[in-house]
Amino acid sequence: MAEPARLLDTIDTRVFTPADAAAFEAEYAGVPAPAMLAALLTGELAGRIAAVSSFGAESAVLLHMVAAADPDVPVIFTNTQKMFGDTLAYRDALAERLGLTDLRVYRPDPRVLRQRDAAGTRWSYDPDGCCAIRKVEPLARALAGFPAWISGRKGFQAGTRTALPRFEAEAGRLKINPLADWDKAALDAYFAAHDLPRHPLEAQGYPSIGCAPCTSPVRPGEDPRAGRWRGFDKVECGIHGGGWDPQI
Ligand code: SF4
């Protein structure tokens, strides 16, 4: 899976505002996530939207909905080059199983890595900077041609994600969180109903799975994302709510 060339003819210049996001929120209030996605992916956002997935513990639910609506929707995966091998294998197996036809893999810019993380250890002393060059910048590059994208965030995952809306406008781009109001039981039920495969690390105590150096098992009673960046005052990777800062 080679990194695709940027397609200039797909670039759409529409700018989404918070008022647009609120209008979408009202329009789709009460519409179940699968039906909402089907309407959007085959309607006004057809050909103008990508799904972003980490192929983590619960990613199969969103990807199944996307594939059911339109398997040709581009699915963006950022390989930080610090991923678990299990995640890469799961990504390929799940993409095959769901029939995704346009899985796009983006990587950090090797020139940036040479300048700012030559030893590959920036995660250990500056995880914000590491996420910026390994996640945020590649994703910004990947989304350059899309005015809208789909995220798998869920409101229950962490204190920072409660009251998550289904539609947001961020830097002029529409971000859709179809699973914003889904809880663990609903996700488990969807996995069972569609016989979806689980990420192999989930059974080993990883309810939230990111890069290998920054993900540890979660103990009973802990927040599902407690195993991410354990020991650091950090709960998000920076792709939500922030943009790429070339000074980092
Ligand atoms: S999760 Fe860790 S290894 Fe991955 S990009 Fe962020 S700081 Fe770096």
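Colleague: Which residues are the closest to the ligand?
Modeller: Keep in mind that this is a predicted model. In it, 10 residues surround the ligand. The closest of them are P127, C130, C131, C211 and C214.

Colleague: And which helix gives the largest share of the shell around the ligand?
Modeller: The shell residues divide into 7 nonpolar, no polar and 3 charged. The largest share of that shell is 5 residues, and they come from the helix spanning residues 127-142, namely α7.

Colleague: Where does the ligand sit?
Modeller: We've got P127 and C130 among the closest residues. As for the space itself, the ligand sits in the largest cavity.

Colleague: Let's move to α8. Why are its buried residues on the same side?
Modeller: The helix covers residues 184-193, and its buried residues are L187, Y190 and F191. They're on the same side of α8 because they cover an arc of only 100° around the axis.

Colleague: Which exposed residues does the face turned away from the buried side of α8 carry?
Modeller: Exposed here means over 50% relative accessible area. On the face of α8 turned away from its buried side, the residues that pass are A185, A192 and A193.

Colleague: What do the buried residues of α8 pack against?
Modeller: Those are L187, Y190 and F191. Their packing partners are two helices, 59-69 and 85-98, in other words α3 and α4.

Colleague: Stepping back, how many helices and strands does the protein chain have?
Modeller: From the N terminus, the order of elements is α-α-β-α-β-α-β-α-α-α-β-β-β-α. The secondary structure comes to 8 helices and 6 strands.

Conventions:
Residues numbered from 1 in each chain as written. Predicted model: local features only at pLDDT ≥ 70, side-chain atom pairs only at ≥ 80, totals over all residues. Heavy atoms only, no water. Near = heavy atom within 4 Å. 1 Å grid on protein atoms, 1.4 Å probe; cavity = no way out; pocket = protein on both sides within 12 Å on 5 of 7 lines; lining within 4 Å. Sits in = over half its atoms within 2 Å of the grid points. Helix = DSSP H or I, 4+ residues; strand = E, 2+ residues; numbered from the N terminus. Nonpolar A, V, L, I, M, F, W, Y, C, P; charged D, E, K, R; others polar. Buried < 20%, exposed > 50% of the residue type's maximum accessible area, 1.4 Å probe, protein only. Arc of directions from axis to C-beta. Contact = heavy atoms within 4.5 Å.
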